[in-house]
Amino acid sequence: MTPAPHQPQPAAVHAVLAFGAEALRVTSGANSGDPLPAPAESVCGDYYRLTADARPLRLVLALDADGPDAGRLAPGSERGHPGDAIRLMGRLSLMAPDGDLVEVLVLDLGASGRVALPLSPLRDKLTYALIATDPTPGPIRLADVVAGAFAQGTRIALADGRQVPVEDLRPGDRVITRDHGAQPLRWKGAVRLRAEGGFAPVVVVPGVMGNPGPLVVSPHHRLFLYRREARALAGAAELLVQARHLVDGVSILRREGGMVEYHSLVFDAHEVIYAEGVPCESLMVCPAVLTRLPEDLAAPLRASFPGLSQQLHTGADVPRELVSRLRDRPGADPRSLAP
């Protein structure tokens, strides 16, 4: 029997935010003054910074599952033309002054030049040190971290007062939110991963935030904190802080090893809900967040909410260096920003 001819897999379409090479420049070092160099020409120890007028570009990438780095621009991109070939030139590892690490994919768009695709946010007004380069072309991997996910077993507060494990929730269940009362759950996704590196969860020890049991979330998941004294530094008393920025090695830990099953919850808007009694964000559906999801989560979410771009909750999104300043202020609780 003659085997059936191989059928090429359809391209996976990703909407991402990137910066043109001219927007991310070397401010000092061997390539000082140059726009984003190719990874093969980059020199560790150089310093990079977004220009004052840097603006993220929306790119729509159609990535071929059959090719190691094959892909083309799809309609809706703000640079290039639909059908233009995409080539991965390599990866840069940039470190901020507060130690925050940002992985950047460098893509060649042919006649449209190269672009920097950060896998986590690049912050303006910060100078980043280049600490590692990988000039070897390979798969265009857009999912190195998980954003906005609760580990299996985490109990979520429902409108009827029940505390239900996240894995038992179903679309339509009414979940209590901080700002909009009871809201129906619109979508839930789950993915099982090795608890290593960027996938290793953050664990808030019982009692640290008034939580009766351990709160286990993905490292980029933001917790909601109210701090009146933060207004002078953050411009707001309502804060959204990534769990990884709260790790102190004692009361809030990173747990590596084994497997972890993450569950993401989506509502009509970006909400603050209660997990183990602690206010935490729901998954915010927008291109920048979808870029950071494993494809097992991102693909069905894109299909369920085509074109949806939710707005961030009104709480101030607090970077790591500001968390450190708030912790170090006179009279601060040395454990964390936790209540």
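Strands here are DSSP runs of E with at least two residues, and they are numbered from the N terminus. Keep in mind that this is a predicted model: local features need pLDDT of at least 70, side-chain atom pairs count only at pLDDT 80 or more, and totals for chains, interfaces and linings use all residues. Residues are numbered from 1 along each chain as its sequence is written, and side-chain values use heavy atoms, with hydrogens and water left out.

**Stop one: Phe-19 and Pro-56**

Select Phe-19, which you'll find in strand 1 (residues 12–20). Its relative accessibility is 9%, so Phe-19 counts as buried; the cut-offs are under 20% relative accessible area for buried, over 50% for exposed, and partly exposed in between, using a 1.4 Å probe and protein chains only. Now show its contacts, meaning heavy atoms within 4.5 Å. Skipping residues up to four places away in sequence, Phe-19 touches Leu-50, Ala-54, Arg-55, Pro-56, Val-115, Ala-116, Pro-118 and Leu-122. Try a C-alpha distance too: Phe-19 and Pro-118 are 99 residues apart along the chain, yet their C-alpha atoms are separated by 8.4 Å.

Next, click on Pro-56, in the loop between strand 3 (47–50) and strand 4 (57–63). Pro-56 is partly exposed, at 35% relative accessibility. Among the residues it touches, leaving out those up to four places away in sequence, are Leu-17, Ala-18 and Glu-78.

**Stop two: strand 6**

Go to Ser-93, which belongs to strand 6 (residues 87–95). Is Ser-93 buried or exposed? It's buried, with a relative accessible area of 11%. Beyond four places in sequence, Ser-93 touches Leu-101, Val-102, Glu-103, Ala-129, Leu-130, Ile-131 and Ala-132.

Stay in strand 6 and pick Met-95, which is partly exposed at 33% relative accessibility. Add Leu-101 and Ile-131 to the selection, and you have a nonpolar surface patch with about 230 Å² of accessible area together. (Patch residues have over 30% relative accessible area and no salt bridge; like charges are joined within 9 Å, and nonpolar side chains, meaning Val, Leu, Ile, Met, Phe, Trp and Tyr, within 5 Å. A salt bridge puts a side-chain nitrogen of Lys or Arg within 4 Å of a carboxyl oxygen of Asp or Glu. Areas come from the Shrake-Rupley method with a 1.4 Å probe, and for residues only the protein chains shown count as cover.)

**Stop three: the cores**

Highlight Phe-150, Ile-156, Leu-169, Met-209, Leu-215 and Leu-265: of the 27 residues in the largest nonpolar core, these touch the most other members. Strands that each supply at least two residues of this core include strand 16 (202–204), strand 17 (215–217) and strand 22 (272–275). A second, separate core of 21 residues includes Ala-23, Ala-38, Met-89 and Val-102. (A nonpolar core is a set of buried Ala, Val, Leu, Ile, Met, Phe, Trp, Tyr and Cys residues joined through side-chain atoms within 4.5 Å.)

Back to Leu-215: its contacts, neighbours within four places aside, include Thr-154, Leu-223, Glu-276 and Cys-280. Cys-280 is buried at 0% relative accessibility, while Cys-44 is partly exposed at 45%. How many disulfides does the whole structure hold? Zero, taking a disulfide as a pair of cysteine sulfur atoms within 2.5 Å.

**Last stop: two positive phi values**

Most residues other than glycine have a negative phi. Glu-276, in the loop between strand 22 and strand 23, has a positive phi of about 55 degrees and is buried at 5% relative accessible area. Lys-125 sits in the loop between strand 8 (114–118) and strand 9 (128–134). Its phi is positive, near 70 degrees, and Lys-125 is exposed, with a relative accessible area of 67%.

Terms used. Helices (H or I, at least four residues) and strands (E, at least two) are DSSP runs, numbered from the N terminus.
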